[in-house]
Number of protein chains: 2
Amino acid sequence: MKKIEFFRFAAVALGLLCVIPAQSQQPEEAPLIRSIFNEALTSYEAYHNLEQLCKRTAGRICGRPEAAEAVELTRQIMVGMKLDSVWLQPIMVKSWDRGEKEVARIVSGKFGTITVPSCALGWAIGTGDPGLSAKVIEIKSLQELKSKSKSEIQGKIVFFNQPFKQTNLGTFSSYGEAVWQRTSGPSEAGKMGAIGCVIRSMSIEIDDFPHTGITHYDDGVKPIPAIAISTRAAETLSQYLAEDKELNFFFRTTCLEGPDVPSFNVIGELRGTEAPNEIITVGGHLDAWDIAEGAHDDGGGCIQSVEVLRLFQKAGIRPKHTIRAVMFMDEEVAQRGGQKYASEALAKGEKHIAALESDRGVFQPKAMAITGNAEQMKKYATWQPLFDPYDIKLISGGGGADVGPLKKLYPDIIFMGIIPEDQRYFKLHHATTDTFEQVDRREMQMGAAGMAVLIYLYDKFGL
Amino acid sequence: MKKIEFFRFAAVALGLLCVIPAQSQQPEEAPLIRSIFNEALTSYEAYHNLEQLCKRTAGRICGRPEAAEAVELTRQIMVGMKLDSVWLQPIMVKSWDRGEKEVARIVSGKFGTITVPSCALGWAIGTGDPGLSAKVIEIKSLQELKSKSKSEIQGKIVFFNQPFKQTNLGTFSSYGEAVWQRTSGPSEAGKMGAIGCVIRSMSIEIDDFPHTGITHYDDGVKPIPAIAISTRAAETLSQYLAEDKELNFFFRTTCLEGPDVPSFNVIGELRGTEAPNEIITVGGHLDAWDIAEGAHDDGGGCIQSVEVLRLFQKAGIRPKHTIRAVMFMDEEVAQRGGQKYASEALAKGEKHIAALESDRGVFQPKAMAITGNAEQMKKYATWQPLFDPYDIKLISGGGGADVGPLKKLYPDIIFMGIIPEDQRYFKLHHATTDTFEQVDRREMQMGAAGMAVLIYLYDKFGL
């Protein structure tokens with residue numbers, strides 16, 4: 001879009017205008033849209049709800065009592081809003097307990113013994129009471145691991161230490177490139193005969209906070225205990241290894257998987273006046289890692305979704321289609337909430353026409369996104385002037401882990417998305433640093449308003 | 001720009017291109033610009049320097065020992081960079097001491113006695129040891145004050161309680177509308193016979209932090225003691241007053257103005273290879289309020305300015321014109337640093353061709369700005385494609401309190417500016433909350449890179 005951007009600016013600067021056939025831009029919608037943003041910016045309700053969710057149900061990973069509290073809290077919030085329906089959708093979720101606080105130490109003849117900040121990866125097996133101690137082999141890429149012989153890995157702890165690439169402008173790219181270490185690293189290391197796995201935390205910055213997150217053991221592979229250490233600890237361990245290849249690493253984790261337990265998606269809706277069986281979903285995931293308040297990931301996305309319904313109510317909008325806010329359970333582990341939501345939709349004969357998932361943090365919104373065919377994108381583009389005053393671009397994109405399963409059942413569904421600023425996100429993601437205090441009310445509310453407006457326009461004009 | 005924005009998007013969506021005479025876009029500069037951003041994003045030097053500045057010289061308002069430490073610290077940083085010159089420019093600045101921790105209380109027969117968070121306004125007079133107690137009159141606009149009779153104000157404390165307008169999308173507008181309460185409120189209240197003044201903190205959110213900042217007493221007006229209370233306390237006081245007009249407010253401040261003392265602007269430069277006497281200034285202000293670390297206001301702007309020089313060095317750029325980083329002293333109080341910088345420039349026969357001031361926080365950069373005539377803006381617009389990959393718009397604007405005095409002496413000077421995201425700024429501004437921890441390294445560095453690139457293009461191609 002670079003060339004066109006230049007033209008745009010040049011046109012302004014030169015006082016020239018391009019002649020392009022005019023399209024319907026719905027300029028008459030501008031005052032209503034402004035009133036939606038005004039309501040969002042002046043209201044404290046969503047922000048207070050987020051504070052309750054963060055402070056009262058911190059650590060609400062699926063299967064935990066905190067998750068059950070979060071289900072009840074958000075159900076009550078929606079009941080209090082006098083929506084047309086509020087209900088719980090039962091699912092069975094996995095459970096896991098972190099056990100006692102993890103201990104991790106570098107034990108070096110040269111540098112001494114240094115305790116480092118650590119946490120078990122989600123659904124990793126534990127070392128058990130005595131802990132685990134072994135020599136360490138540092139690996140910076142999956143390719144490097146594959147290039148090693150089994151004898152080099154056998155009996156050791158594999159230390160995955162591929163940092164986030166700082167030169168990516170978007171931090172989700174850096175996460176995408178590095179996250180294999182957490183999801184697949186322990187399994188891959190286990191295949192090569194490693195007895196334990198230590199990963200550099202999936203953080204964009206050098207700091208002292210370990211970041212957790214799910215790890216998956218491949219079928220048929222003997223699982224090995226796995227922890228994340230803080231990025232600063234990873235730098236230290238790497239430096240020490242360079243000078244002392246014989247150092248040992250010790251860690252102790254007592255985490256344990258439990259049985260599946262019942263849980264719920266939490267759902268509330270405004271029923272459509274013209275096509276109540278045609279559904280637009282807006283949602284986030286209610287579960288959050290057990291060490292975090294889950295403010296940006298993804299309490300904020302849930303609260304924004306509820307706020308969309310409140311903004312509709314406040315603006316006096318009765319939607320044509322049913323607008324449904326969904327707090328999905330279990331995005332972080334096995335996405336069973338999203339799967340259940342889709343399969344039950346099909347079973348009930350619902351028609352799902354669009355779905356917007358907010359799960360990239362609730363920072364200042366930069367863009368709204370949709371997936372659509374050429375004709376749909378063309379119509380969508382005519383809405384850009386309505387978003388210009390709020391500095392929100394309309395781009396292509398959208399979807400997510402929770403609404404994804406709808407696509408298989410409703411191939412024509414339009415996915416939507418919200419793209420916030422992302423420089424700060426991966427300092428907080430899956431760590432104790434993801435707290436309510438890191439959320440700015442106005443930024444979150446501008447996102448909620450952008451979501452409400454996109455859904456409003458789609459509901460009214462279609463694509 | 002809305003209509004054009006629509007055309008731009010429509011052009012993309014429809015596959016149409018406008019025909020506008022092509023301008024030089026310097027696409028050959030893109031790789032160097034990318035290398036500048038890459039260096040900024042991978043370096044921790046500026047961020048560590050900001051940490052030092054915040055943690056070692058917190059409270060560096062002009063005239064304080066912390067300000068002298070900040071002068072020495074930033075001088076040493078620039079000396080360590082092996083610039084072509086580093087020097088101190090002497091000025092005399094005002095001094096003031098906050099004295100003992102302020103005390104402020106609502107004393108109500110109905111609600112009891114409530115202590116509220118408070119701080120004296122900068123350069124306010126104190127109440128002295130016994131403190132001050134009086135009935136309160138709440139005022140929500142300057143007009144409302146003027147509509148009162150002197151007898152209604154006489155002997156009372158005027159409580160200015162005009163909140164920030166939440167529906168402004170840009171928070172600097174809200175500050176601009178409300179800040180008269182702090183700068184002129186005490187003086188105006190004094191003219192009407194008030195004996196003290198309490199203002200609602202200049203904060204965008206409802207919280208418990210008082211925000212300080214300069215107040216000015218008009219000549220010939222008897223100064224009265226003045227404090228800010230937190231926004232939440234202001235809400236409380238307003239509610240209590242509605243039900244108990246007879247309540248008293250007590251506050252005690254022991255602040256005191258001192259004599260003028262010597263201080264310095266801190267200056268470092270890379271000498272121009274072709275026109276060394278033609279100067280491009282990039283700067284921020286080194287002083288910060290005595291209750292704050294001054295991370296966003298404006299340690300970050302100072303450090304970004306130094307970083308511009310480092311980015312030039314790292315990229316191997318020898319500028320044609322002299323590029324000078326200036327840490328201005330005394331922006332917050334009387335702007336003597338900026339005045340001295342301009343007057344000495346004239347006395348030395350320097351020619352100042354451009355100046356960029358960073359003093360809006362160091363959040364994610366949204367835009368770079370310049371002031372220029374139509375011809376200059378036209379050429380400037382051709383650089384937009386070079387900023388597109390970094391999501392930075394080129395807009396009109398620029399200047400600031402410290403570089404402002406240059407304009408009178410060099411009418412053709414081009415002012416530049418950097419416009420970061422601003423939703424969070426006025427939660428921190430002039431308060432204890434403006435700490436290093438609130439600065440994101442990557443956001444600050446993207447700003448520094450944007451500044452470096454704009455200055456690089458101007459130095460090389462002119463406008």
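Here is a walk through this structure, from its domains down to single residues. Please keep in mind that the model is predicted.

Let us begin with the broad layout of chain A. Its domain assignment gives two parts: domain 1, made of residues 23-92 and 260-461, and domain 2, made of residues 99-254. Taken over C-alpha atoms, the centres of domain 1 and domain 2 of chain A are separated by 34 Å. The two domains do touch, with 14 residues of domain 1 of chain A in contact with 18 residues of domain 2 of chain A. On the domain 1 side of this contact in chain A, the residues divide into 6 nonpolar, 5 polar and 3 charged.

Now have a look at helix α10 of chain A, which covers residues 231-243. How far apart should its ends be? At 1.5 Å a residue, the 13 residues of α10(A) should span 18 Å, and the end C-alpha atoms are 19 Å apart, which agrees. The buried residues of this helix are A:T231, A:A233, A:A234, A:L237 and A:L241. Seen down the axis of α10(A), these buried residues fall within an arc of 150°, so they line one face of the helix. What do they pack against? The buried residues of α10(A) meet five strands of chain A: β2 (103-108), β5 (132-139), β6 (157-160), β7 (196-200) and β8 (226-229). Turn to the other side of α10(A), and you will find A:Q239, A:A242 and A:E243 exposed.

Staying with chain A, A:G170 is found in the loop between β6 and α7 (171-178). Is A:G170 buried or exposed? It is exposed, because 12 other C-beta atoms lie within 10 Å, and a residue counts as exposed at 12 or fewer. Here the chain brings together residues that are far apart in sequence: A:G170 and A:E421 are separated by 251 residues, yet their C-alpha atoms are 8.8 Å apart.

A:K320 offers another loop to visit, the one between α11 and β12 (321-328) of chain A. With 18 other C-beta atoms within 10 Å, A:K320 is partly exposed. Leaving aside residues up to four places away in sequence, A:K320 touches A:G272, A:T273, A:E274, A:A275, A:D459 and A:K460. As for A:E307, it is 13 residues from A:K320 in sequence and 18 Å from it in space, C-alpha to C-alpha.

Let us move over to chain B and its strands. Strand β14 of chain B (residues 365-370) runs antiparallel to strand β16 of chain B (residues 414-420), and 5 bridges join them. Within this pairing, B:M368 stands opposite B:I418 in β16(B). β14(B) also pairs with strand β15 of chain B (residues 393-396), in the parallel sense and over 4 bridges. There, B:I370 has B:S396 of β15(B) as its bridge partner.

Helix α17 of chain B makes a good next stop. At 1.5 Å a residue, its 21 residues should span 30 Å, and the end C-alpha atoms of α17(B) are 30 Å apart, which agrees. This helix is mostly covered, with 19 of its 21 residues buried. Just after α17(B) comes B:G462, which takes a positive phi of about 65°.

The last part of the walk concerns backbone geometry. Most residues other than glycine have a negative phi, and most peptide bonds are trans. Which residues depart from this pattern? In chain A, A:H430 has a phi near 65°, a positive value in a residue other than glycine. A:H430 is found in the loop between α16 (425-428) and α17 (441-461) of chain A. It counts as buried because it has 29 C-beta neighbours inside 10 Å. In chain B, B:H430 has a positive phi of about 65° although it is not a glycine. Its place is in the loop between α16 (425-428) and α17 (441-461) of chain B. B:H430 also counts as buried, with 29 C-beta neighbours inside 10 Å.

The peptide bonds have their own points to note. A cis peptide bond joins A:D297 and A:D298, with omega about 0°. A:D298 is found in helix α11 of chain A, residues 295-315. In chain B, the peptide bond from B:D297 to B:D298 is cis, with omega near 0°. B:D298 lies in helix α11 of chain B, residues 295-314.

Definitions and conventions:
Residues are numbered from 1 along each chain as its sequence is written. Chains are lettered from A and ligands numbered from 1 in the order in which they are written. This is a predicted model: local features need pLDDT of at least 70, side-chain atom pairs count only at pLDDT 80 or more; totals for chains, interfaces and linings use all residues. Helices (H or I, at least four residues) and strands (E, at least two) are DSSP runs, numbered from the N terminus. The expected span of a helix is 1.5 Å times one less than its number of residues. A residue is buried if 20 or more other C-beta atoms lie within 10 Å of its own, exposed if 12 or fewer, and partly exposed in between; C-beta atoms are placed from the backbone. The arc is that of the directions from the helix axis to the C-beta atoms. Two residues are in contact if their C-beta atoms, placed from the backbone, lie within 7 Å. Domain bounds come from an automatic or database domain assignment. Ala, Val, Leu, Ile, Met, Phe, Trp, Tyr, Cys and Pro count as nonpolar, Asp, Glu, Lys and Arg as charged, and the others, Gly among them, as polar. Two strands pair if DSSP finds at least two bridges between them.
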